[in-house]
Amino acid sequence: MINTGDKLICVCGNDCYIQGLVYTVGDYINLRFFAVMTGDNDECWYATAECESTGICIRFDAINDAYFEHYTCALDVRS
């Protein structure tokens with residue numbers, strides 16, 4: 001479940017979201033849509049919560065879609 005304030009890492013960017021950068025989930029608009037902040041003056045685009053199992057997608061009409069994964073700060077410990 002994605003919650004307001006969670007972090008998402010962009011795995012396939014476009015003109016609005018840069019691949020490899022981490023973005024913050026904003027408020028839920030309704031049960032289906034939530035905001036993903038762009039980092040510029042409280043601007044955001046809306047993602048669909050229904051595609052969470054295969055990643056998160058923000059669809060655009062004029063440019064390529066952007067794809068995200070839930071970001072965790074896990075350490076890879078090797079012996």
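# Exercises on a predicted model

A search of the whole structure, which is a predicted model, finds 5 aromatic pairs. The exercises begin with one of these pairs.

**Exercise 1.** Determine how the rings of Y17 and F68 are arranged, and state which parts of the chain they link.

*Solution.* Step one concerns the geometry. The ring centres of Y17 and F68 are 5.1 Å apart, and their planes stand at 90 degrees. Pairing requires centres within 6.5 Å, and an angle over 60 degrees counts as edge-to-face; the pair Y17 and F68 is therefore edge-to-face.

Step two places the residues in the chain. Y17 belongs to the loop between β1 (7-12) and β2 (22-28), whereas F68 lies in strand β6 (residues 66-70). With 51 residues separating them, the pair links distant parts of the chain.

Step three considers the surroundings. Both Y17 and F68 are buried. Ring pairs also bring in Y23, giving a cluster of Y17, Y23 and F68.

**Exercise 2.** Identify the residues of the salt bridge and decide for each whether it is buried or exposed.

*Solution.* Step one recalls a principle: side chains of opposite charge can pair when their charged atoms come close.

Step two applies the distance criterion. The nitrogen-to-oxygen distance between the side chains of R59 and D65 is 2.8 Å. A salt bridge requires such atoms within 4 Å, so R59 and D65 qualify. The count for the model is 1 salt bridge.

Step three compares accessibility. D65 has a relative accessibility of 18%, and because the limit for buried is under 20%, D65 counts as buried. R59 has a relative accessible area of 59%; since exposed means over 50%, R59 is exposed.

**Exercise 3.** Describe how strands β3 and β4 pair, and locate a positive phi in their hairpin.

*Solution.* Step one is the pairing itself. Strand β3 (residues 33-37) and strand β4 (residues 44-48) run antiparallel and share 5 bridges. Across the pair, F33 faces T48 in β4.

Step two turns to the connection. The hairpin has 6 residues between the strands, and G39 adopts a positive phi near 95 degrees.

**Exercise 4.** Explain why C10 forms no disulfide.

*Solution.* Step one is the search result: 0 disulfides are found in the whole structure.

Step two examines the distance. The cysteine sulfur closest to that of C10 belongs to C12, at 6.8 Å. A disulfide requires sulfur atoms within 2.5 Å, so the sulfur of C10 is too far from that of C12 for a bond.

Step three adds the accessibility of two cysteines. C10 is buried at 2% relative accessibility, and C57 is buried with a relative accessible area of 5%.

Note on methods: Residues are numbered from 1 along each chain as its sequence is written. This is a predicted model: local features need pLDDT of at least 70, side-chain atom pairs count only at pLDDT 80 or more; totals for chains, interfaces and linings use all residues. Side-chain values use heavy atoms; hydrogens and water are left out. Buried means under 20% relative accessible area, exposed over 50%, partly exposed in between (1.4 Å probe, protein chains only). Rings of Phe, Tyr and Trp (its six-membered ring) pair if their centres lie within 6.5 Å; planes under 30 degrees apart count as stacked, over 60 as edge-to-face and the rest as tilted. Helices (H or I, at least four residues) and strands (E, at least two) are DSSP runs, numbered from the N terminus. Two strands pair if DSSP finds at least two bridges between them.
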